[in-house]
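Work through the exercises below with the sequence and the model at hand. Each task is followed by a solution in steps.

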Amino acid sequence: MPQLLDGNRIRDEIKSELAPRIRAMAASKRAPGLAVVLAGHNPASEIYVRNKVKTCHDLGIYSETLTPPDSISTAELLALVQHLNARADIDGILVQLPLPPQVDTKRVLLAVAPEKDVDGFHPCNVGNLVAGLPGPRACTPAGIIELLKRYSLPIAGRRAVVVGRSDIVGKPAALLLLHQHATVTICHSKTPDLPAVCREADILVAAMGRPALLTADYIRPGATVIDVGTNRVTDRVQAEAIFRGAPEKLEAFDRKGSVLVGDVHPLDVLARAGAYTPVPGGVGPLTIAMLMVNTVEAAERHLC
Ligand code: NDP
């Protein structure tokens, strides 16, 4: 059996390291402050925000959720962000995506002060990442590096293949792996012979949003497989195809009517990988942990 990389355990480790830093800041100055902007009603976003706010609460980080209506305009949202930029008690601003369709998302993200951009999405912070300068890093990719380091899995000199080139996962993950001296290949939907490229990987990062697409054929025996994909499968035929040979998984699907699956085939990874992140319980928990790290670091810079 491959080594399971337990994201919940690493999240708890990171949180327990942050707690004394937060207590010290609260005792000497004030607690770090995070503002979350949740525009409109999106059930998935509401769950993500609830988890982020709960984690802040558990750690003693002050958090405030602003919930403008679905009908908010770009100008109104820009004014809200400017107000948060100016507030001395707020160190981090998180604009939960997606925004309502009439809002110009790029303009809103650009308006967040780079020093309060705890998601690491602002072009200034993307530039810092490219140049290897200090600054908040995108949370999910930063979580991947933490996971590899804390499990003492070597990165330097290894072949890393990242499947997916989004601004929030694929590109920053590739850059962070590069900064750790991996030899990195980035793949996307136009990459020819994806299985052959993936089989070159000592470290395979899957961030596509395609349930169980990376089967045994894509995995080099003994590779470290990091599965970022989070896909809810609701179609029984699809679930049956994925979990052929695992009747207990299919029974679980029948009880719930859905199952969460990564981009890597959940049974094939067990047969081929040397180490792997499960879905759920792998990369997911680290995303919020790294948001907390970015918030505490923003506060430390702000208050020093
Ligand atoms: P995007 O949709 O923004 O990007 C998907 C990328 O995958 C694109 O670059 C696309 O290529 C590539 N891709 C899609 N299909 C294929 C294919 N068949 N072969 C090769 N490449 C393909 O997704 P995100 O990066 O935002 O998210 C990816 C996954 O990670 C999703 O499942 C998402 O839910 C999950 N996620 C999980 C997080 C966590 O905390 N665990 C956080 C963020 C995301 P192209 O550019 O050519 O279109």
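A residue is called buried under 20% relative accessible area, exposed over 50%, and partly exposed in between. The model is predicted.

**Exercise 1. Classify the two partners of the salt bridge between aspartate 202 and arginine 220, and place them in the chain.**

Step 1. The side chains of aspartate 202 and arginine 220 meet at 3.5 Å, N to O.

Step 2. Aspartate 202 sits in the loop between helix H8 (194–198) and strand E7 (203–206), and arginine 220 in the loop between E7 and strand E8 (224–227). The two partners are 18 residues apart.

Step 3. Arginine 220 has a relative accessible area of 35%, so it is partly exposed. Aspartate 202, with 24%, is also partly exposed.

**Exercise 2. Find which parts of the chain are tied together by the salt bridges of arginine 21 with glutamate 297 and glutamate 300.**

Step 1. Arginine 21 pairs with glutamate 297 at 4.0 Å, N to O. Arginine 21 belongs to helix H1 (residues 7–28) and glutamate 297 to helix H12 (residues 284–303), 276 residues apart.

Step 2. Arginine 21 also pairs with glutamate 300, at 2.9 Å. Because arginine 21 lies in helix H1 and glutamate 300 in helix H12, this pair ties together parts that are 279 residues apart in sequence.

Step 3. Relative accessibility is 32% for arginine 21, 30% for glutamate 297 and 29% for glutamate 300. Arginine 21 therefore counts as partly exposed, as do glutamate 297 and glutamate 300.

Step 4. The structure holds 17 salt bridges. Elsewhere, shared partners join Arg9, Glu13, Glu17, Glu146 and Arg150 into one network.

**Exercise 3. Check the length of helix H2 (residues 43–59), then decide where its buried residues lie around the axis.**

Step 1. Helix H2 has 17 residues, and at 1.5 Å a residue it should span 24 Å. The end C-alpha atoms are 25 Å apart, which agrees.

Step 2. The buried residues of H2 are Ser45, Val49, Lys52, Thr55, Cys56 and Leu59. Viewed down the axis, they fall within an arc of 120°, so they line one face of the helix.

Step 3. Pro43, Arg50 and His57 are exposed on the other side of H2.

Step 4. The cover over the buried residues of H2 includes H1, strand E2 (33–37), strand E3 (62–66), strand E4 (92–95) and H12.

Step 5. Now look at the ends. At the start of H2, a side-chain oxygen of asparagine 42 comes within 3.0 Å of the backbone nitrogen of alanine 44. Glycine 60 follows H2 and has a positive phi, near 85°.

**Exercise 4. Locate the cis peptide bonds before proline 98 and proline 280.**

Step 1. Leucine 97 and proline 98 are joined by a cis peptide bond with omega about 0°. Proline 98 is in the loop between E4 and helix H4 (105–111).

Step 2. Valine 279 and proline 280 are likewise joined by a cis peptide bond, with omega about 0°. Proline 280 is in the loop between strand E11 (275–276) and H12.

**Exercise 5. Two residues that are not glycine, serine 152 and alanine 212, have a positive phi. Is each buried or exposed?**

Step 1. Serine 152 has a phi of about 55° and lies in the loop between helix H6 (139–150) and strand E5 (159–163). Its relative accessible area is 63%, so serine 152 is exposed.

Step 2. Alanine 212 has a phi of about 55° and lies in the loop between E7 and E8. Its relative accessible area is 7%, so alanine 212 is buried.

Notes: Residues numbered from 1 in each chain as written. Predicted model: local features only at pLDDT ≥ 70, side-chain atom pairs only at ≥ 80, totals over all residues. Heavy atoms only, no water. Helix = DSSP H or I, 4+ residues; strand = E, 2+ residues; numbered from the N terminus. Buried < 20%, exposed > 50% of the residue type's maximum accessible area, 1.4 Å probe, protein only. Expected span 1.5 Å × (residues − 1). Arc of directions from axis to C-beta. Contact = heavy atoms within 4.5 Å. Polar contact = N/O pair within 3.5 Å; in protein donor to acceptor, adjacent residues only side chain to side chain.
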